Amino acid sequence: MRTAHRVETVRAAEAELMARLPEGTLMQRAAAGLAAACCSLLGKGRVYGARVVLLVGSGDNGGDTLYAGARLARRGAGVTAVLLGARVHEAGLAALRAAGGRVSDDPFEALAVADLVLDGITGIGGQGGLRPDAVPVARAARGSDAVVVAVDLPSGVSADTGEVGGEALAADATVTFGTYKPGLLIDPAREYAGAVRLVDIGLDATLPSVPDLEALQHEDVAWLLPAPAAESDKYRRGVVGVVAGSARYPGAAVLAVAGALRGGAGAVRYVGPAADTVIARHPETLVHEGPPGKAGRVQAWVVGPGLGDDPGVAEVLASDVPVLVDADGLRDLSPAAVRRRAAPTLLTPHAGEAAALLGVAREEVEDGRLAAVRELAARFGATVLLKGSTTLVADAEGHADGVSTPMSPVRVNPTGTSWLATAGSGDVLSGLAGSLLAAGLRPRDAASCAAYLHGLAARLASNGAPIAASDVATALPRAWADVVG
C-alpha cells in the first residue's frame, strides 16, 4: 500500500529523526537517492558528459538539489545551477562548486542544451503557483528537450491537497523523500508529477501509523476481495438488489446489473421497469416489478442509475441493509435522511453531482477534490466515493459535537484511466460496489476495491483504444483474476 502524509506531519517526523542523527544526514540521504534516480533516468553510461541544470530555490529543497548536483558532477556530468531563491543553501552550493559545478546567470542559455533539469524551485511548503520571476525559467525548462525531474514535489502544486493555484512546472518524473505527499496522488497536481519514485530516508519510525491518504495495490485488494467457501451458496455469498433504469434509460439498469453480477455476490435482484431488457441480457437475474420492499431479501441495495424521478429512493433508504446511492438517486438527497439510517450508506457522485450536493460550482470540486470528498463524508455521515480523474474514497467516522468527521485515511484509486469517461461506466461501478457490499465488505473497502477493479478492467479492455461501458463490465472477471492471481 502506498501511503501519503501532510506537510505538517512530514516536518514533525523529520525533526524527530534529525534530533537523533548527525547534522545534515537526512539531506545527504535525500541527495543520494535523488542523484541515483537521475543516473537511472539518464541511462547507463550517459551520466559522464551529460548536461544537467539545477533550478535552485531557497531552503532545504534547494540544498537537496545542490548536493545531488554535486554527486552528479563528481560522476562527470556538467552541472549548472540557476539560483532562483531569495537565499541559497550555502553548504550545498559550496559542495557543488567543489565538485566542479558552476552557477549561471543566464538560465535560458543553460536550459537550451540541457539533458536533464532538476526542479528544486519550491519545496513541499510552497503555496500557490510559481512566483512571476520563476515562470519564464520554468517554461523554458518544460519547452526544452531535457528530462525534467521534480525534487520532492513539482514546483507550483500543493503538497497537501493536490490543488494547482497558478502556473506549475510539469515534471517527467518526481523523486519524493520519506513518504508520498497527497498532491502526488491526487489530480490536478498528479498530472504534473510524472512517474513518482519514493526514496527511503528513514522516516518510517517517526511517521504516525495512520497516514492522511492511502492507495491500495494489488495485494491489498486481493486480501479484501470475498472468496466463496466450500459451504457457500448463492444466499450465503450475498444478494444485492438493484433499483435502476427507466423507460428513457433502460441501459443503465443493464449496466448496473452487469457490474453487480461480476462483483462477488451470489445473486442479483433487479427492481424496476427495465426487467425485460435486463433478463434478455442477463438471464440469471432475479427480477421484480417493485416496489423494492416486496422484491425479496437482499443484503445490500444499489439505487439511482438511470432512475429518473422514480420514488424508490426513499423506500430503499428506509431499509436496514447497506445502501449505495448513485446518479439520479443523489438528486436532492437529504443529509438528514442519510444520517438517520442505522445501516451504512455509500454515495458515489461524480464532480457535477458532488457540486450540487455541496452547493458549489463544479470547478471548485474538480480543483479541490480532497476537500470536497471529506466535506461530503462529514455532511452526510456516509462513505463517499468521488468519481473522476482520480477517484477518492472518504469515510465519516467518529463524532465531535454530534457531527461525523472523517477519521480514516482517504483512499485514492491508482488504476483509473481517462477511457472511463464514457456513458454508463459509472453504472457498472455502482453495481460492482453494491455487490461487494452484499458480500460483506465494509463500504470503504467495497468502494475502494470496486474502483480498483473498475479501473483495471478499463485498462485491460482498452489497451489504449476507445471502449464502451459494456466492455468494462465484460473485462471485470479478467481484472479480478489479475488481482487475485
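A salt bridge is a side-chain nitrogen of Lys or Arg within 4 Å of a carboxyl oxygen of Asp or Glu. In this predicted model, R142 and D172 satisfy that rule, with their closest N and O atoms 3.1 Å apart. The pair joins distant parts of the chain: R142 belongs to helix 6 (residues 135-143), while D172 lies 30 residues away in the loop between strand 6 (147-151) and strand 7 (173-177). R142 is partly exposed at 32% relative accessible area, and D172 is partly exposed at 35%.

The count of salt bridges comes to 18. One of them pairs D212 with R6, at 3.1 Å from N to O. These residues are 206 apart along the chain, D212 in the loop between strand 8 (195-199) and strand 9 (213-215) and R6 in the loop between strand 1 (2-4) and helix 1 (7-18). D212 has a relative accessible area of 16% and is therefore buried, whereas R6, at 33%, is partly exposed. D133 and R131 also form a salt bridge, at 3.3 Å. E214, R411, R442, R444 and D445 are linked in a salt-bridge network.

Turning to helix packing, helix 17 (residues 443-462) meets helix 18 (residues 469-484) at an angle of about 110°, with the axes 7 Å apart. The two helices are therefore roughly perpendicular. Among the contact residues are Y452, L453 and L456 of helix 17 and V472, L476 and W480 of helix 18. By class, the contact has 13 nonpolar, one polar and three charged residues.

Note on methods: Residues are numbered from 1 along each chain as its sequence is written. This is a predicted model: local features need pLDDT of at least 70, side-chain atom pairs count only at pLDDT 80 or more; totals for chains, interfaces and linings use all residues. Side-chain values use heavy atoms; hydrogens and water are left out. Axes are lines fitted to C-alpha atoms, for helices over the stretch in contact, and angles run from 0 to 180 degrees between N-to-C directions. Helices (H or I, at least four residues) and strands (E, at least two) are DSSP runs, numbered from the N terminus. Angles under 35 degrees count as roughly parallel, over 145 as roughly antiparallel, 65 to 115 as roughly perpendicular and the rest as oblique. Contact means heavy atoms within 4.5 Å. Ala, Val, Leu, Ile, Met, Phe, Trp, Tyr, Cys and Pro count as nonpolar, Asp, Glu, Lys and Arg as charged, and the others, Gly among them, as polar. Buried means under 20% relative accessible area, exposed over 50%, partly exposed in between (1.4 Å probe, protein chains only).
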